[in-house]
Amino acid sequence: MHVLEIPGYEGGPLVRGDAYLDDPLFWPVHLGSSLRGQDAQRAAFGADWDAAMELYRRLSAEHEWPVFSVPLRSGHTIHVVYRNFVDEWGVDYLIHRPEWSAAETLAVVDGHFMGPGMAWPELLSAARKSTTEGVGDADARLLLLFPTLGDALLPDDAAATLTTALVT
């Protein structure tokens with residue numbers, strides 16, 4: 001297990017989480033905080049709920065904190081970290097630039113949302129950047145960062161864009 005470091009981020013053993021992206025149950029687990037209640041989650045994804053909860057337990061393990069990195073055109077990188085302190089689980093969205101001494105918090109999802117988050121155009125720009133590092137798939141990038149959305153004014157095609165990403 002190769003432990004990662006994010007400058008200024010203290011916590012547990014950070015490990016690359018990219019392998020989770022190939023598990024179809026990852027998306028109901030990751031996006032579950034955007035849905036209200038287990039019934040909505042089951043209806044939206046039709047996933048095997050028990051298997052999804054088992055995956056959630058693996059993502060929430062204290063001994064491994066999965067990290068997904070999304071490099072941006074600007075030279076910044078957004079790190080999506082599954083924070084796994086005992087009784088203090090959540091997903092931290094951190095932004096970092098190589099010359100910074102520490103990453104900054106972009107958003108936190110841990111039962112509630114703490115922003116500022118991202119606007120829809122920023123979210124699309126981050127998702128559509130081609131890269132050879134971090135998470136390379138544009139749909140996966142969009143869905144990984146979607147919980148950071150803090151924009152109330154969405155374009156008419158936003159739902160279709162998200163639906164396409166989910167189907168893919």
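This is a short walk through the structure, one selection at a time. Keep in mind that the model you have open is predicted.

**Stop 1: the aromatic rings**

Start by selecting Phe26 and Phe68 and showing their side chains. The ring centres of Phe26 and Phe68 are 5.3 Å apart and the planes meet at 50°, so this pair counts as tilted. Now colour by secondary structure: Phe26 belongs to helix 1 (residues 26–31) and Phe68 to strand 2 (residues 65–71), so the pair links distant parts of the chain, 42 residues apart. Are these two rings buried or exposed? Phe26 is buried, at 0% relative accessibility, and Phe68 is buried with a value of 0% as well.

Next, add Trp27 and Tyr82 to the selection. Ring pairs join Phe26, Trp27, Phe68 and Tyr82 into a cluster. If you would like to hunt for others, the whole structure holds 5 aromatic pairs.

**Stop 2: strands 3, 4 and 5**

Keep Tyr82 visible and select Val91. Tyr82 stands opposite Val91, a residue of strand 4. Show strand 3 (residues 77–85) as a cartoon together with strand 4: the two run antiparallel and are joined by 9 bridges. Follow the chain from strand 3 into strand 4 and you pass through a hairpin with 2 residues between the strands. Pause at Asp87 in that turn, where phi is positive, at about 60°.

Now select residues 88–96, which make up strand 4. How many of its 9 residues are buried? The count is 7, so strand 4 is largely enclosed by the rest of the structure.

Then bring in strand 5 (residues 104–109), which runs antiparallel to strand 4 and is joined to it by 5 bridges. To see one partnership in this pairing, select Tyr93 and Ala107: Ala107, in strand 5, is the bridge partner of Tyr93.

**Stop 3: His30**

Leave Tyr93 on screen and select His30, which sits in helix 1. What joins the side chains of His30 and Tyr93? A polar contact of 3.4 Å does. His30 is buried, with a relative accessible area of 4%. Show its neighbours too: leaving aside residues up to four places away in sequence, His30 touches Val80, Tyr82, Tyr93, Leu143, Leu144 and Pro147. Tyr82, which you met in the ring cluster, is thus one of the residues that His30 touches.

**Stop 4: salt bridges**

Finish with the charged side chains. Across the whole structure there are 5 salt bridges, and here are some to visit.

- Select Arg16 and Asp18. The closest N and O atoms of this salt bridge are 2.3 Å apart. Arg16 is exposed, with a relative accessible area of 53%.
- Select Asp23 and Arg58. Their salt bridge has its closest N and O atoms 3.9 Å apart. Arg58 lies in helix 3 (residues 49–59) and Asp23 in the loop between strand 1 (14–16) and helix 1, so the pair ties together parts 35 residues apart in sequence. Both count as partly exposed, Arg58 at 39% relative accessibility and Asp23 at 22%.
- Select Glu54 and Arg57. In this salt bridge, the closest N and O atoms are 3.4 Å apart. Both residues lie in helix 3, 3 residues apart, or about one turn of the helix. Glu54 is partly exposed, with a relative accessible area of 36%.

Key: Residues numbered from 1 in each chain as written. Predicted model: local features only at pLDDT ≥ 70, side-chain atom pairs only at ≥ 80, totals over all residues. Heavy atoms only, no water. Phe/Tyr/Trp six-rings, centres within 6.5 Å; stacked < 30°, edge-to-face > 60°. Helix = DSSP H or I, 4+ residues; strand = E, 2+ residues; numbered from the N terminus. Buried < 20%, exposed > 50% of the residue type's maximum accessible area, 1.4 Å probe, protein only. Pairing = 2+ DSSP bridges. Salt bridge = Lys/Arg side-chain N within 4 Å of Asp/Glu carboxyl O. Polar contact = N/O pair within 3.5 Å; in protein donor to acceptor, adjacent residues only side chain to side chain. Contact = heavy atoms within 4.5 Å.
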